[in-house]
Amino acid sequence: MKPLIPLRWAVMGVFVLSGALNYLDRQVLAALAPLLRAEFGLSNADYGSVLAAFSIAYAVCSPIAGLCIDRFGLNRSISVAVGFWSLAGAATGFVNGLSSLMVCRTALGAAESAGVPASGKAIHLHLPGEERALGNALSQIGLSLGAIVAPPLATWLALRHGWRSAFLVTGLIGLLWIPLWLWTSGKAPGTPVKPQRKSAGPGELLRDRRMWGMIVATALSMTVYTLWTNWTTLYIKETYGTTLTEANWLAPLPYLFAYAGGLIGGWLSLRWMRKGLNALAARRRACLVSALALLTTAAVGIMPTAVWAAVAIAFSFFAISAWSVNLYTMPLDAFGAERAAFSVAVLTAAYGAMQAVVSPLLGAMIDHYGYTPVFVIVSVLPLAAWGILEGTTRRA
């Protein structure tokens, strides 16, 4: 009897849980930022510096993580990474000020840099080409699931047992995933990577104009993503005067829309590929549609209530999710299985470097000018990023 869910998708479903754990550990800080800011006397600029510490480690370690995954294999690499980031997340429950908080977030960023490259490797091993954007959409759902669970779970734990318990509990949950994945992957190890006669090495990839087009496009466009994943709770609480609990019930709403955005983005490129477009052309077209939708991000700052603001943020998150599933699939289309993890890792490094630079700037801008100018600026960056992709990944 044919299984209801193809085995490759069942295996991917279990792998996606690692992404949920990745963002669960990451987003607990965003959910509890008001409490930590109050206890340690942090400004928005200080909070931006904490995000930068995470992001610098994330950016620096991403290419190394990608090389290790390609070299040592998916299972061994992701098991070590999940174990490390779970312990780093739990250790955040013991911080006593800005310095120790930055140390823990640096360790978390270093370990979590393996998450997205490992996902790219898993997608390439387990899914055929036309299904890979949908695989990335499933991966985005995992990330969104972790981000949805983090605010209410962290708030519930913080109100009952103190904010430190939220980091301890969410950090240690990840250790339970490792044996589950090793058992599941043993049932369907995926398509073996066959060495090509002439495989592009890391140096060759970094000389490829397509790779650089994707790097620049990531740095420009994913400013929208870093804005909503790190500042939504603070924006709603500070702008509309909600309580922490109210803000953290509204903050997950955008992630629910991200589910749909990722699936729609993956479906669009799949549809256009089946109509005859090559993979990169189909991804670019889906990115253009997403970039046009993201222009509405500028309107978030004029929403009259916290609920309407959450709805506007949700639409922006919908569009950036549709964008990102296609952008992060492009390296798999262009560079193949042997460099799947490294090529995706280069994009995660670009994201981390962007976040490291942008987060303190965002904090300073918000402190001095408020949120609305930030929303206007980031709304146009994805369209500029699409122009970069169009100019660098289109073959003559």
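This passage walks through a pocket, a surface patch and the salt bridges of a predicted model.

A good place to begin is the largest pocket, which has a volume of about 250 Å³. Its lining consists of 15 residues, and those closest to the centre are Ala 65, Cys 68, Val 80, Ala 81 and Ala 114. Two or more lining residues come from each of the helices α2 (44–72), α3 (74–91) and α4 (98–112), with α2 giving the most, 6 residues. In character, the lining divides into 12 nonpolar residues, 2 polar and 1 charged.

On the surface, a nonpolar patch is formed by Leu 17, Leu 145, Val 149, Leu 180 and Trp 183, which together have about 430 Å² of accessible area. Helices α6 (132–161) and α8 (177–187) each supply at least two of the patch residues. Leu 180, for instance, is placed in α8 and counts as partly exposed because its relative accessibility is 38%.

The whole structure contains 8 salt bridges. In one of them, Asp 208 pairs with Arg 210, with the closest N and O atoms 2.9 Å apart; both of these residues are buried. Another joins the side chains of Arg 283 and Asp 333 at 2.7 Å, N to O. Arg 283 belongs to helix α14 (residues 279–293) and Asp 333 to helix α16 (residues 330–335), so this pair ties together parts that are 50 residues apart in sequence. Arg 283 is buried, at 0% relative accessibility, whereas Asp 333 is partly exposed, at 24%.

Helix α14 also holds Arg 284, and Glu 390 lies in helix α18 (residues 372–393), so their pairing ties together parts 106 residues apart in sequence. The closest N and O atoms of this salt bridge are 3.2 Å apart. Arg 284, Glu 390 and Arg 394 are linked in a salt-bridge network.

Methods
Residues numbered from 1 in each chain as written. Predicted model: local features only at pLDDT ≥ 70, side-chain atom pairs only at ≥ 80, totals over all residues. Heavy atoms only, no water. 1 Å grid on protein atoms, 1.4 Å probe; cavity = no way out; pocket = protein on both sides within 12 Å on 5 of 7 lines; lining within 4 Å. Points joined across faces, edges and corners; volume = space filled by probe spheres on them. Helix = DSSP H or I, 4+ residues; strand = E, 2+ residues; numbered from the N terminus. Nonpolar A, V, L, I, M, F, W, Y, C, P; charged D, E, K, R; others polar. Patch = residues over 30% accessible without salt bridge, like charges linked within 9 Å, V, L, I, M, F, W, Y side chains within 5 Å. Areas by Shrake-Rupley, 256 points an atom, 1.4 Å probe, with all protein chains shown as cover. Salt bridge = Lys/Arg side-chain N within 4 Å of Asp/Glu carboxyl O. Buried < 20%, exposed > 50% of the residue type's maximum accessible area, 1.4 Å probe, protein only.
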